[in-house]
Amino acid sequence: MAIKTDVSPLGQRSAWQALKKHHAEIGKKHMSELFAEDGSRGERYTAEAGGIFLDYSKNRVNDETLKLLVQLAEESGLKARTEAMFTGEKINITENRAVLHVALRAPKSESIVVDGEDVVPAVHEVLEKMSGFADKIRSGEWKGHTGKKIKNIVNIGIGGSDLGPVMAYEALKHYSQRDLTFRFVSNVDGTDFAEAVQDLEADETLFLVASKTFTTLETMTNAHSARDWALDSLKDDSAVAKHFVAISTNAKEVGKFGIDTANMFGFWDWVGGRYSMDSAIGLSTMIAIGPDNFMAMLGGFHDMDVHFRTTPLEKNLPVLMGLLTVWYTDFFDAQTMAVLPYEQYLKRFPAYLQQLTMESNGKHVTLSGEHVETETGPIYWGEPGTNGQHSFYQLIHQGTRLIPCDFIGFYKGLNPLGRHHDMLMANVFAQAEALAFGKTAEQVKAEGVAAELVPHKVFEGNRPSNTILADQLTPAVLGKLVALYEHAVFTQGVVWGIDSFDQWGVELGKVLATRILGEIEGADGPKGHDSSTTSLIERYRANK
Ligand code: F6P
């Protein structure tokens, strides 16, 4: 599949060529010099949208860099591609699909037409159905097979049907109904399911089977085990109707599994798995925090959508963040990006972003099917601060690799406790400062450090970071943060000229696993593999 675009190949865009030359100069400059040259940099290199504040001054850029990066976005057709996405054009070309996660948070008054049909009314219909259901679970009106209230909600899904729900549940736990227990099962490793249900009673447990396709091996295996587990205790097939609901685009497979399609919450092929936490896939989130909070989260997503679509590129948060990622990936050979939330509730945010960023932009061919000319999607990773400081920050500060960091912090914590929050935030500012400016040999010597130790105590600095600040982690702020990264990923994909919305790279392993499973369980054993794979399978068969 290839499409013709009127955008020239990346290396031929004039902004790209100018950036190359520009990098030869600025790449050698230290951030201390950049700050010395421009005392207002800390105020000027900032942008804000709906209470999300971005300080990008601690990056290896100056006015010229930013001008050229914005020009690169323009030459890459970012504005046209953004409009194409928002208006439902089929920009996921390899799957011939529209990419409309923005429709999931569009207000009722908007209209977005795909294949001649306005999709917004259907989105709100599902939201209403979800709200009615969530209220019934939260109030105890929905009874299980034996007449007991539902106390436990177990989401079964994987990838986008798991990471978004888990991340959002953890992020918004503060707002959750505490007499409900939430568990998330994703791994086909039986331990995941066994541990999730080991202390639960089947007659108080509701399973949400979340799968866009309803054919994913891990999810269907776990869903069947869940049904066996529930029926083992409830002893009546009709109990499935009270203890299982499905979230899917595939009504046929849902029916085959035995879930009444009246208990199905639908979504559409134009919602990518990794962009689906604000669709029906977010049902567990809505049950946990309630429909009003869920709607507030969607409002936050929508605010960032409007900002991204309408704000000039040089003041546009997702565009700036996306372009800075391209800058480091392609001009500084940065291989990874660290996301460091200083908010315990965001502990699963880096894991969530890994799928969003790497499944989207881990691509080696352009839209026209050519091999890309540059590096594409970097590796995203991270842990909440301050824990990371006592583990991997050493390498970020004094290692040999350049790792741009996103620090995320809040003016107010959700659990005020003595000086904890000030201490937490002092660490955000300290880390960003230390990374940028480091400590010279002269400074170390001036502290009276023994000569032989001086090199060990030098911090070279010049390590870039963004600092993202917001008032407090609310449902709306979470929506804004997720949409910020979604659109930053989109911006990168447009510059690289890749399809950020397919994921063919997960297919080969799936196909091979199915074949190997047959060989593990069959009488004949492995056939037609390389010598390593063959002997590994044989060893497993002999020892299992
Ligand atoms: O890993 C591939 C993938 O297709 C993801 O994109 C998706 O989020 C996940 O599998 C789960 O898919 P489904 O929701 O169809 O079960």
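How far does a polar side-chain atom of T216 lie from an oxygen atom of the ligand? In this predicted model, the separation comes out at 2.5 Å. T216 has company here: 13 residues surround the ligand, and the closest are S161, S211, K212, T213 and T216. S161 puts a polar side-chain atom 2.7 Å from a ligand oxygen, while for S211 the gap between a side-chain N or O atom and an oxygen atom of the ligand is 2.6 Å. On its own the ligand would expose 400 Å², and the protein buries 87% of that. As for the site itself, the ligand takes up the space of the largest pocket.

Zooming out, the domain assignment splits the protein chain into three entries. Domain 1 is pieced together from 46–75, 319–474 and 487–496, domain 2 runs over 110–292, and domain 3 covers 507–542. Taken over C-alpha atoms, the centres of domain 2 and domain 3 sit 33 Å apart. Another long-range pair is G39 and A171: these are 132 residues apart along the chain, and their C-alpha atoms are separated by 37 Å. G39 belongs to the loop that links α2 (31–37) to α3 (41–44), and it counts as exposed because its relative accessibility is 73%, over the 50% cut-off.

H397 tells the opposite story. This residue is part of helix α16, which spans residues 393–398, and its relative accessibility is just 9%, so it counts as buried; the limit for that class is under 20%. The H397 side chain also makes a polar contact with the side chain of Q431, at 2.6 Å.

Then there are some backbone oddities. Most residues other than glycine have a negative phi, and most peptide bonds are trans. Against that background, the bond joining G385 and T386 is cis, with omega at about 5°. T386 is placed in the loop between β11 (379–381) and α16.

Two residues other than glycine turn up with positive phi. The first case is K235, where phi is about 55°; K235 sits in the loop between α9 (217–234) and α10 (240–243). With 66% relative accessibility, K235 counts as exposed. The other case is D333, with phi near 55°, found in the loop that runs between α14 (317–331) and β10 (336–341). D333 is likewise classed as exposed, because its relative accessibility is 56%.

Methods:
Residues numbered from 1 in each chain as written. Predicted model: local features only at pLDDT ≥ 70, side-chain atom pairs only at ≥ 80, totals over all residues. Heavy atoms only, no water. Helix = DSSP H or I, 4+ residues; strand = E, 2+ residues; numbered from the N terminus. Buried < 20%, exposed > 50% of the residue type's maximum accessible area, 1.4 Å probe, protein only. Domains from an automatic or database assignment. Near = heavy atom within 4 Å. Polar contact = N/O pair within 3.5 Å; in protein donor to acceptor, adjacent residues only side chain to side chain. Areas by Shrake-Rupley, 256 points an atom, 1.4 Å probe, with all protein chains shown as cover. 1 Å grid on protein atoms, 1.4 Å probe; cavity = no way out; pocket = protein on both sides within 12 Å on 5 of 7 lines; lining within 4 Å. Sits in = over half its atoms within 2 Å of the grid points.
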